[in-house]
Every structure is written in C-alpha cells, then in structure tokens.
Amino acid sequence: MAPAYFSPSQARASGDERLPPRRNPFEEDLTAKGNSTMTWRNRLTAIVVDSGSLCRRIVRGVLAVYGVETEAVDGGSAAVERINAGARFDLIVIDPNLTGMSGMETCRELRAMAPQSRIVGLSAYYNEVERMAFLEAGGDDYFEKPFGPDKFIPILRELDNQ
C-alpha cells in the first residue's frame with residue numbers, strides 16, 4: 001500500500017500535531033532580538049516613509065533582517081512629526097510618490113531637520129527626472145523597487161563606520 005500524502009493544510013485539518021503552526025512574518029515584531037541575520041558595531045535605526053502598507057512592511061522587514069531597528073510611517077507629515085518629537089534615525093527611506101505631503105517636500109524638510117541622516121528614495125516608478133529632483137531635494141541615494149542587499153548593505157556598512 002502506498003503512503004498517503006497530505007498537504008500541510010490537510011494535515012492541520014486532520015489534527016496532525018507534527019506540523020508547526022503557520023506564521024505570518026509580517027505580523028511579527030521583526031525588530032525583536034534573534035530575527036536579525038546581520039550584526040553591526042553600532043545600533044542602526046531607520047524610518048520607512050511610504051503610503052503603501054505592504055511596501056512599508058516589506059522594507060521594514062528587510063531592514064530588520066539586516067539588523068536595523070526600524071519604524072514605519074504612512075506619510076511625510078508623520079515622519080516630520082517623529083523627527084520634531086526628537087526621534088533620531090541613521091537612515092530615512094522615502095517613497096517619492098507619497099500621498100499628501102510629497103516625497104520631495106518630505107525629503108527637503110527632513111534634510112533640514114536631520115542633516116546627519118542618510119536619506120534614500122525608493123520608488124516603484126523609476127525615472128531619471130524624478131531621481132534628479134529627489135537628489136536635489138536633499139536625498140543621498142535613489143533606488144528602484146524591488147531592491148536587494150546590494151543596495152542597502154553598503155549604505156549600512158557606511159553608517160556603521162566600517
């Protein structure tokens with residue numbers, strides 16, 4: 001008799017206790033210790049400014065895996081409020097296509113308030129004109145989504161003085 005094969009969902013429905021419970025990594029606190037695959041000499045912090053909730057979670061999760069303590073806000077005015085309240089970030093990641101306060105305006109204001117922070121534009125709609133406008137507004141870098149470790153790891157090493 002051939003062995004019976006079940007999908008994980010069928011096994012869970014049958015009460016098979018050998019399978020681990022399902023988990024959704026985007027619902028977890030990815031900044032908790034033990035989730036980082038990279039370590040730095042210094043504590044690195046970042047804020048992600050993106051009006052898309054899925055994009056915020058993805059970028060925040062990736063940075064957390066890189067070992068960066070990360071917050072996320074849904075608009076430029078929220079980021080400005082965080083900095084006005086005394087928050088300090090090594091890295092600020094901004095989607096230039098924000099709703100409400102534009103990404104360019106957000107970049108300009110945050111650059112004036114946090115001159116020591118590295119400001120990176122991260123856009124799904126890359127074009128050279130927008131890239132130049134973002135850099136002129138005070139941004140340090142500008143990348144296209146999706147991004148990989150080849151983009152952020154050199155920045156994080158620089159921020160960590162390596």
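## Overall build

Of the chain's 162 residues, 41% count as buried. The model is a predicted one. It holds 6 helices and 5 strands. Read from the N terminus, the order of elements is α-β-α-β-α-β-α-β-α-β-α.

Take the contacts between residues at least 6 apart in sequence: 64% of them join residues at least 24 apart. The accessible surface of the chain is about 9,500 Å². Carbon and sulfur atoms account for 52% of that surface.

## Strand S1 and its partners

Strand S1 spans residues 45-49, and 5 of its 5 residues are buried. Both faces are covered. Thr45, Ile47 and Val49 lie on one side, with Ala46 and Val48 on the other.

S1 pairs with strand S2 (residues 69-73). The two run parallel and are joined by 5 bridges. Within S2, Glu71 is the bridge partner of Ile47. To get from S1 to S2, the chain passes through helix H2 (residues 53-65). This β-α-β crossover is right-handed. S1 also pairs with S3, again in the parallel sense, over 4 bridges. On that side, Ile47 has Ile92 of S3 as its bridge partner. Ile47 thus has a bridge partner in S2 and another in S3.

## Asp95, the annotated residue

UniProt, in an unreviewed entry, lists "modified residue: 4-aspartylphosphate" at Asp95. Where does Asp95 sit? Its place is the loop between strand S3 (91-94) and helix H4 (103-113).

Is Asp95 buried or exposed? Its relative accessible area is 9%. The cut-off for buried is under 20%. Asp95 therefore counts as buried. Beyond residues up to four places away in sequence, Asp95 touches Val49, Asp50, Gly103, Leu122, Ser123 and Lys145. One of these contacts, Val49, belongs to the buried residues of S1.

## Asp90, ahead of S3

Asp90 is in the loop between helix H3 (76-84) and S3. With a relative accessibility of 10%, Asp90 counts as buried because the value falls under 20%. The side chain of Asp90 makes a polar contact of 3.0 Å with the side chain of Arg88.

Which residues does Asp90 touch, leaving out those up to four places away in sequence? They are Arg43, Leu44, Thr45, Ser117, Arg118 and Leu159. Thr45 is one of the buried residues of S1.

## Tyr142 in strand S5

Tyr142 belongs to strand S5 (residues 141-144). Its relative accessible area is 8%, so Tyr142 is buried.

Neighbours within four places in sequence aside, Tyr142 is in contact with Pro96, Gly121, Ser123, Tyr125, Tyr126, Glu130, Arg131 and Phe134. Arg131 is 11 residues from Tyr142 in sequence. In space, their C-alpha atoms are 6.1 Å apart. Ser123 appears in the contact list of Tyr142 and also in that of Asp95.

Terms used. Residues numbered from 1 in each chain as written. Predicted model: local features only at pLDDT ≥ 70, side-chain atom pairs only at ≥ 80, totals over all residues. Heavy atoms only, no water. UniProt positions renumbered as here; feature names shortened; annotations may be inferred. Buried < 20%, exposed > 50% of the residue type's maximum accessible area, 1.4 Å probe, protein only. Contact = heavy atoms within 4.5 Å. Areas by Shrake-Rupley, 256 points an atom, 1.4 Å probe, with all protein chains shown as cover. Pairing = 2+ DSSP bridges. Right-handed = clockwise from strand over helix to strand, strands pointing away. Polar contact = N/O pair within 3.5 Å; in protein donor to acceptor, adjacent residues only side chain to side chain.
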